[in-house]
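Colleague: I am new to this structure and would like a close look at a single part of it. Could you take one helix and its surroundings and walk me through them slowly?

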Amino acid sequence: MPSRRPDETGYGHVVERYVTRTYGGLPRYLVLNGGRFLGPRWWHTTRFTRHLLNDAATITDEELEALLGYEWRSRLTAAWLIGVDRRERFRARIGDLFLASEVCYSGGAYCFALARFGTHADAEILTAYLDRYLPRTDLHYDQAAALGALLRLDALLGTHHTDRFTEPDGPWDEWVMGVGRLGYPSYTPAELRRWTDLQCDFANGWTRL
């Protein structure tokens with residue numbers, strides 16, 4: 001999927017307005033990626049969250065497309081805005097970007113959006129991602145975020161998509177061992193589920209949905 005600068009499509013304002021706006025000296029995309037707004041001690045949480053909610057509600061679909069068509073910072077931010085506002089019409093677009101895995105960091109935001117949508121269609125996208133990338137024990141992409149999101153959806157939907165991935169000595173254990181040899185840390189499925197829950201519960205609480 002070729003990348004295009006927003007100013008090439010008439011939306012040159014979107015990066016400064018939505019992606020690089022700063023809070024406590026940090027641009028929005030870094031705050032979203034690091035998750036510090038999810039903790040109780042960050043002084044800028046209320047202001048950050050208010051602006052995030054306002055932008056999620058008012059950004060146009062065309063502006064979101066301009067962000068999704070650019071680089072990882074813009075895609076990450078767009079996915080968070082889509083997830084907060086639950087714009088399910090972007091499901092297919094996010095699914096295509098997620099499965100392509102062209103850029104770093106944005107995959108976790110796609111997982112958040114899919115977990116927020118919370119339907120069987122979203123579980124199918126996450127399952128397809130794990131089917132494609134868990135066998136790649138040489139790649140540390142967004143397998144962990146995908147498993148955490150799928151675990152949440154299994155609990156919400158009463159499904160069991162994750163069972164075949166997390167069985168003892170199954171695909172998840174093999175992937176953890178593979179990337180562990182590359183020096184990457186591992187987290188338990190329960191820890192990954194808690195992280196997804198933290199993100200979604202935060203959004204649920206602030207949007208009162």
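Modeller: What follows is a look at one helix, then at a helix it meets, and then at a further contact of that partner.

Please keep in mind that this is a predicted model. Helix α5, residues 72–85, has 14 residues, and from its first C-alpha to its last it reaches 20 Å, close to the 20 Å expected at 1.5 Å a residue. Of those 14 residues 12 are buried, so α5 is largely enclosed by the rest of the structure; among the buried ones are Trp72, Ser74, Arg75, Thr77, Trp80 and Val84. Just after α5, arginine 86 takes a positive phi of about 50°.

The partner to consider is α7, whose axis comes within 8 Å of that of α5 and crosses it at roughly 10°, which makes α5 roughly parallel to α7. On the α5 side the meeting residues include Trp72, Leu76, Ala79, Trp80 and Gly83, while on the α7 side they include Ser106, Ala109, Tyr110, Ala113 and Phe117. The residues of this contact divide into 11 nonpolar, 2 polar and 2 charged.

Helix α7, residues 106–117, also packs with helix α6, residues 91–100, at an angle of about 145° and with the axes 10 Å apart, and the crossing of α6 and α7 is left-handed. Here α6 contributes Arg91, Ile94, Leu97 and Phe98, and the residues of α7 include Gly107, Cys111, Leu114 and Phe117. By type, the residues of the contact between α6 and α7 are 8 nonpolar, 1 polar and 1 charged.

Conventions:
Residues numbered from 1 in each chain as written. Predicted model: local features only at pLDDT ≥ 70, side-chain atom pairs only at ≥ 80, totals over all residues. Heavy atoms only, no water. Axes fitted to C-alpha atoms, helices over the stretch in contact; angles between N-to-C directions. Helix = DSSP H or I, 4+ residues; strand = E, 2+ residues; numbered from the N terminus. Left-handed = near helix turned anticlockwise from the far one by under 90°. Contact = heavy atoms within 4.5 Å. Nonpolar A, V, L, I, M, F, W, Y, C, P; charged D, E, K, R; others polar. Parallel < 35°, antiparallel > 145°, perpendicular 65-115°, else oblique. Expected span 1.5 Å × (residues − 1). Buried < 20%, exposed > 50% of the residue type's maximum accessible area, 1.4 Å probe, protein only.
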